[in-house]
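Here's a quick tour of the pockets and helix packing in this model. Have the structure open and follow along.

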There are 2 protein chains.
Amino acid sequence: VSVALSKAREFGFRTVGCASTGNLANSVAANAAAAGLESYIFVPADLERAKILGTSIYGARVIGVHGTYDQVNRLCTQVAFKYGWGFVNINLRPFYAEGSKTVGFEIAEQLGWRMPQHVVVPMAGGSLICKVQKAFKELARVGLMDSSACKIHGAQASGCSPISTAVKNGWEAHRPVRKPNTIAKSLAIGDPADGYFAAKVIRESGGWAEDVSDEEIAEAMALLGRTEGIFAETAGGVTVAVTRKLIEQGRIPRDEEIVLCITGNGLKTQDAVADCLEKPAIIQPSLEEFSLLAKDAMEAALV
Amino acid sequence: VSVALSKAREFGFRTVGCASTGNLANSVAANAAAAGLESYIFVPADLERAKILGTSIYGARVIGVHGTYDQVNRLCTQVAFKYGWGFVNINLRPFYAEGSKTVGFEIAEQLGWRMPQHVVVPMAGGSLICKVQKAFKELARVGLMDSSACKIHGAQASGCSPISTAVKNGWEAHRPVRKPNTIAKSLAIGDPADGYFAAKVIRESGGWAEDVSDEEIAEAMALLGRTEGIFAETAGGVTVAVTRKLIEQGRIPRDEEIVLCITGNGLKTQDAVADCLEKPAIIQPSLEEFSLLAKDAMEAALV
């Protein structure tokens, strides 16, 4: 988004915007505020409160649209054309997409300028997974790495899995999902703009794709938290749960190096895990009360 | 926290914990999960849901205590002694405190190894502001900077302002606040452990302290969002609002270089600003509906 809005300023746009399932909204609004641009952000009207608040706070005008992401996106295309505004995911899309190569560059950099054997990437519009591969190829081409060989796997939620369904069925192109239905709202794009290319990248790299249920997503969010100390949003749960599934299927050998792209903050989708977590014990400020509680917990642990 | 838990492992602790108004809780729980330590986190029972959820997610045992932070803290001292556990803000406190020098080191590093003319630091227990100064002094002593001269200002909420009240009245020691009452819960420590030293650092550096109302805090959170693209929690609002006040009072000249320490993520305290922000407009996915909306907005802007 930072790359896209830097280009927007260069082109002389004064108003920018996007269609978004939430995370892009937050980022466009924040970067527009920092760059001194006005912003109009279009989101599905049923979006999580945290994602709407995390957009309004930057002084953006937020428009909730009754409809799916795909309907929101079509409206934005019309608005961009009529008003001459710069939309990050429409007329500024090439720069936004190139900017997401940063994820691939940083994976290589953090590994000391080499590839992992596997990367697992969540898929919404399907752009990120393509650009991660592009980043690897560019690094190899300029000689910063010996090879760009890396199996690239895609992760989706079963409630909206056009790309993983295409990969698993051996279809060349995805078939749109009309009514996405998943807690992973940030991935709920039924007709992904780069779906065709995402499936192609997966096939060519020797990777695979899978999708997981809402229950598996929430469980994986808790697993990531208690084992790694990372609190990710639902999309992160999708990536972790899909990785586990691919390991169980033998698609990813468990002793090979795997990088997971965790792409959003868990504070944005708290409702998704609220029910799976233990509620706090409530006590008076007394050592006796705590000792009773701890005794019960320790005895339970021994049993 | 990372420094403190590294030392905890070195000392052989297997269980760690803290008393917290929320942010320390999140950090101790996350770092304990990553380090493979068990954790018990004690918080006031009325804490924001996001801060409790953002602790439970890491597999920590969360204990909500009916009482103020100061009561929670006293209970933790007893628990640490009885069970032999490592508490970040009690028996591990020296390492936790030294670790917070990182904030001072990073300010200097990001400015190219020199001091700003002013730093404004939020104050809860009063430790951070002391360690920022200590970091500056150490950098000067080892020759990485020419001087450690920098006016250090402290920020509190009026609903719990023991340190700023002491500074403004010229008292050497603070007087405890029995019942903190502010939306800035992460700063609501009525009897700050390092209050005496915080007031001393402020006085010696030539800085000052102020405190602000809940309304000023919420306004400042929105101001920071729409001008800088940063969504901070209530403590960030305190720091911004106090800075504005100190500029208005002439305590900080408006043309001097000022660094503000923004110390928490706004997604943790969404309720604090929810009412100050414009609600999204809701429309059908139609260009006509958007055009009407935009026309009204543009006409309103012209009037």
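A pocket, as the word is used here, is an open set of grid points with protein on both sides within 12 Å along at least five of seven lines, and its lining residues have an atom within 4 Å of a point. Keep in mind that this is a predicted model.

**The largest pocket**

Let's start in chain B. Which residues lie nearest the centre of the largest pocket? They are Asn23(B), Tyr96(B), Ser100(B), Leu128(B) and Thr263(B), out of a lining of 42 residues. The space in there comes to about 1200 Å³. Several elements of chain B give two or more residues to this lining: α2 (23-35), α4 (69-83), α5 (93-99), α6, α7 and β8 (258-260). Of these, α6(B) gives the most, with five residues. Sorted by class, the lining has 21 nonpolar, 16 polar and five charged residues.

**The second largest pocket**

Now over to chain A. The second largest pocket has a volume of about 1000 Å³. It is lined by 41 residues, and those closest to its centre are Asn23(A), Leu24(A), Tyr96(A), Leu128(A) and Thr263(A). At least two lining residues come from each of α1 (2-11), α2 (23-35), α4 (69-83), α5 (93-99), α6 (101-110) and α7 (127-141) of chain A. Which helix gives the most to this lining? That would be α5(A), with four residues. The class split here is 19 nonpolar, 18 polar and four charged.

Here are the two pockets in one place:

| Pocket | Volume | Lining residues | Classes in the lining |
|---|---|---|---|
| Largest | about 1200 Å³ | 42 residues | 21 nonpolar, 16 polar, five charged |
| Second largest | about 1000 Å³ | 41 residues | 19 nonpolar, 18 polar, four charged |

**How α6 packs on α7**

Both of these helices turn up in the pocket linings, so to speak of their packing is a natural next step. In chain B, α6 (residues 101-110) and α7 (residues 127-141) pack at an angle of about 50 degrees, with their axes 7 Å apart. That angle makes α6(B) oblique to α7(B), and the crossing of α6(B) and α7(B) is right-handed. On the α6(B) side, the contact uses Lys101(B), Val103(B), Gly104(B), Phe105(B), Ile107(B) and Ala108(B). Facing them in α7(B) are Leu128(B), Lys131(B), Val132(B), Lys134(B), Ala135(B), Phe136(B), Glu138(B) and Leu139(B). By class, this contact of α6(B) with α7(B) has nine nonpolar, one polar and four charged residues.

What about chain A? The axes of α6(A) and α7(A) come within 7 Å and cross at roughly 50 degrees. These two helices are therefore oblique to each other, and α6(A) passes α7(A) in a right-handed crossing. Among the residues making the contact are Val103(A), Phe105(A) and Ile107(A) of α6(A), along with Leu128(A), Val132(A) and Phe136(A) of α7(A). The contact of α6(A) with α7(A) has nine nonpolar, one polar and four charged residues.

**One more pair: α10 and α11 in chain B**

Are α10(B) and α11(B) roughly parallel or roughly perpendicular? Helix α10 (residues 214-228) of chain B packs on helix α11 (residues 234-248) of chain B at an angle of about 95 degrees, with their axes 7 Å apart. That makes α10(B) roughly perpendicular to α11(B), because angles of 65 to 115 degrees count that way. From α10(B), the contact takes in Glu216(B), Ile217(B), Glu219(B), Ala220(B), Met221(B), Leu223(B) and Leu224(B). From α11(B) come Thr234(B), Gly237(B), Val238(B), Val240(B), Ala241(B), Arg244(B) and Lys245(B). The residues of this contact divide into eight nonpolar, two polar and four charged.

Methods:
Residues numbered from 1 in each chain as written. Chains lettered and ligands numbered in written order. Predicted model: local features only at pLDDT ≥ 70, side-chain atom pairs only at ≥ 80, totals over all residues. Heavy atoms only, no water. Axes fitted to C-alpha atoms, helices over the stretch in contact; angles between N-to-C directions. Parallel < 35°, antiparallel > 145°, perpendicular 65-115°, else oblique. Left-handed = near helix turned anticlockwise from the far one by under 90°. Contact = heavy atoms within 4.5 Å. Nonpolar A, V, L, I, M, F, W, Y, C, P; charged D, E, K, R; others polar. 1 Å grid on protein atoms, 1.4 Å probe; cavity = no way out; pocket = protein on both sides within 12 Å on 5 of 7 lines; lining within 4 Å. Points joined across faces, edges and corners; volume = space filled by probe spheres on them.
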